[in-house]
Every structure is written in C-alpha cells, then in structure tokens.
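Work through the three exercises below with the structure in view. Try each task before reading its solution.

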Amino acid sequence: MKKVFITEYVGLSTRLEALAMAFMISEYFGHEVCLDWRELDALHVVGARRRGRGLLGRLNSLKLLGDASEGFDRIQNHANVNLRTHHGPHHLLRKLYLPTAQRVKLRPDLIAVIRDTFSRYENRPLVGVHIRRGDFPLISPDMFDVNAVAWPAVPDWWYEHVMRQIQQAVPNVVFFVSCSGSLDAFPNLQKNFDIFDMPAESPYTHFGAGHVSARHPAADLFSLGCCDTLIGSPCSTFTHYAANMLGRPTQIFVPPAHKIFKSQPEFSKVSLHGHGAADWYTACRTGQGLETVTDAGSLQITNGAFVDWM
C-alpha cells in the first residue's frame, strides 16, 4: 500500500492546510494518508490513519517541499511521499479545500466546552480576535509593514484600534481572544474591552517557543471558526484556516498591505471562504481583495457564535 505522510514539520494549522494536498495525492495516485501528530488526541481526520513513517516509510520515498506543482506526476512512481508543503496545483486543490476541512473533527468534550462558553454570550454581538506572536517578530513599536519580513507580528495598538472602533459602533460587543502565549500578556485588552478566552488548557509542551500557547490549539482554532467576524493576524495560517476553512464565511479584519503607523492606524476587511493559504498570503501582502474600512458603524456584527457546524 502506497502512503503519503504528514509529520509535525510545522504548526497545526499549516499541517491542516496540507491535508488537501495529501488527499489530492490519495485521490490521483492511491496513497493512503498517514498522520503522525500529537494533536490527534484531540482531532480525528476522516479517511486518514495515525501512523509514523518508520523505516518502511523511507523506502522509495519522495519528499515534497515548496511548490509541488511542477513535476506533480512523478508522485505516482514512489511508494511513499513525505509531504512537507501545502503548495501544489491550484486548479486541483481549490475543489478539495472545503471538503477536506470537513473531514477534520474535534473531540466531543472540547466541542462541549466551546458550546458552553459561547452560550453565555449568545445574545451579544461577538467578534473573534487572533493574535499571532511567538516566532512572528515585532519589527517596530510605532509602525507596521506586512512586507517588512515574511511572517510579521502586528503590534498591540493595531488590535486595540480595531476593537475600539467596533466597540464604539457596537457598545455591547464582546471579544473572544485566541493568542500565542497567554491572555495575561495583553493587559490593555483586559482593561479596555470585554474579552474572554476558551477555558481549555493546552496539554502540549513539545512545541518550540514559536508555537506555545496556554490554551488548547485545536479548541482555539475551532472556536475562531465559530466567529462570523474575526480580527486576524495577516499571513497567519491559524487565522486563515479558522476563517476560511471552518464554519461559515467569515469577514476578516487585517492591516492594509501598505505601511501604517500608530499615529494613524487603518484596517481592511476581506472574505476568502474556501480559498487556500496562497490566496490569503496574496491578499495580506499585496492588498488584492482587501476593502478599506472607513466606518465601523457600517459593519455587520452578528450576535453569538455559530457552533452547529462542528
């Protein structure tokens, strides 16, 4: 039996994005999808098997890196594929993104925690917030440029600006926050806004500093997927996967693709439901598909979270 393996080569959301590539390889060439992830104690991927590569998985093996579009047909000549990318033939992948995401099931007790937590806010306007830090570096305290580095962290003041604009337009709004590290690292958010996080502690200590979080990554990802509006981290696949692959279509607020300053902050909105990460990166870095928000009062903020998709 031929096999395609995804190991823990990157963070959870990027590996979930790579699942579409794995199932495309399975569909075209007959490889069994095999996953070697510790998060499979919390997630079940329908049609995939939990299995490490071992010695046999290294025989007649092909490693896929970068953009695997060129020479895609060579996969059929290899018994084993070590998949370490989510980039491939766009025309084949785009029809598989949403069906593949629907294969990913969260553990029932974590779903219960999410449903119970969100039920307390079901009659209030709700906005999700995802703050990516860790190995996303902050370049400047007073300026943000999405193209300054490959994976930029957005300063606190930008999130505070967007949240304040929404709060002024919708005073009863409540914010669900998912962040790298702990919510304790953001005292201004706790002081100035009505916020909460998901009470599901992370059991994982094996990740590097760039991926450490106090809260359960799978629970946080699915929780963000329940939010129809999301203040996101540009270029983060965690923001992308939650907003564009899980739940129903989400409006995402991100910084514009040009340089902005703390003295004159701006934000844009985009919706890319069913699009892959490549389109997400393009939108964040070039502004393609972004719409400038000049009046937060014109935004449609729904009450409560949509949890029935889980």
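The exercises that follow use a predicted model.

**Exercise 1.** Determine which strands stand at the edges of the open five-stranded sheet.

Solution.
- Start with the strand order, which is S4-S2-S1-S6-S5, with parallel pairing.
- Strand S4 (49-50) and strand S5 (61-64) each have a single partner strand, so one side of each lacks a neighbour in the sheet and these two are the edges.
- Now take one pair inside this order: S1 (residues 3-6) and S2 (residues 32-35) run parallel and are joined over four bridges.
- Within it, Phe-5 lies opposite Cys-34 of S2.
- Helix H1 (residues 12-29) packs on the sheet, where it touches S1, S2, S5 and strand S6 (80-83), and its direction makes about 175° with that of S1.

**Exercise 2.** Classify the packing of helix H7 against helix H8 by angle.

Solution.
- H7 (residues 217-224) and H8 (residues 237-244) pack at about 50°, and their axes are 7 Å apart.
- An angle of that value makes H7 oblique to H8.
- H7 contributes Pro-217, Asp-220, Leu-221 and Leu-224 to the contact, and H8 contributes Phe-238, Tyr-241 and Ala-242.
- By type, these contact residues are six nonpolar, no polar and one charged.

**Exercise 3.** Decide how Cys-235 and Cys-284 stand with regard to disulfides.

Solution.
- The cysteine sulfur nearest to that of Cys-235 belongs to Cys-284, 4.8 Å away.
- A disulfide requires sulfur atoms within 2.5 Å, so Cys-235 is in no disulfide.
- Cys-284 is likewise in no disulfide, and the structure holds zero disulfides.
- Cys-235 counts as buried at 1% relative accessibility, and Cys-284 is buried with a relative accessible area of 1%.

Methods:
Residues numbered from 1 in each chain as written. Predicted model: local features only at pLDDT ≥ 70, side-chain atom pairs only at ≥ 80, totals over all residues. Heavy atoms only, no water. Axes fitted to C-alpha atoms, helices over the stretch in contact; angles between N-to-C directions. Parallel < 35°, antiparallel > 145°, perpendicular 65-115°, else oblique. Contact = heavy atoms within 4.5 Å. Nonpolar A, V, L, I, M, F, W, Y, C, P; charged D, E, K, R; others polar. Buried < 20%, exposed > 50% of the residue type's maximum accessible area, 1.4 Å probe, protein only. Pairing = 2+ DSSP bridges.
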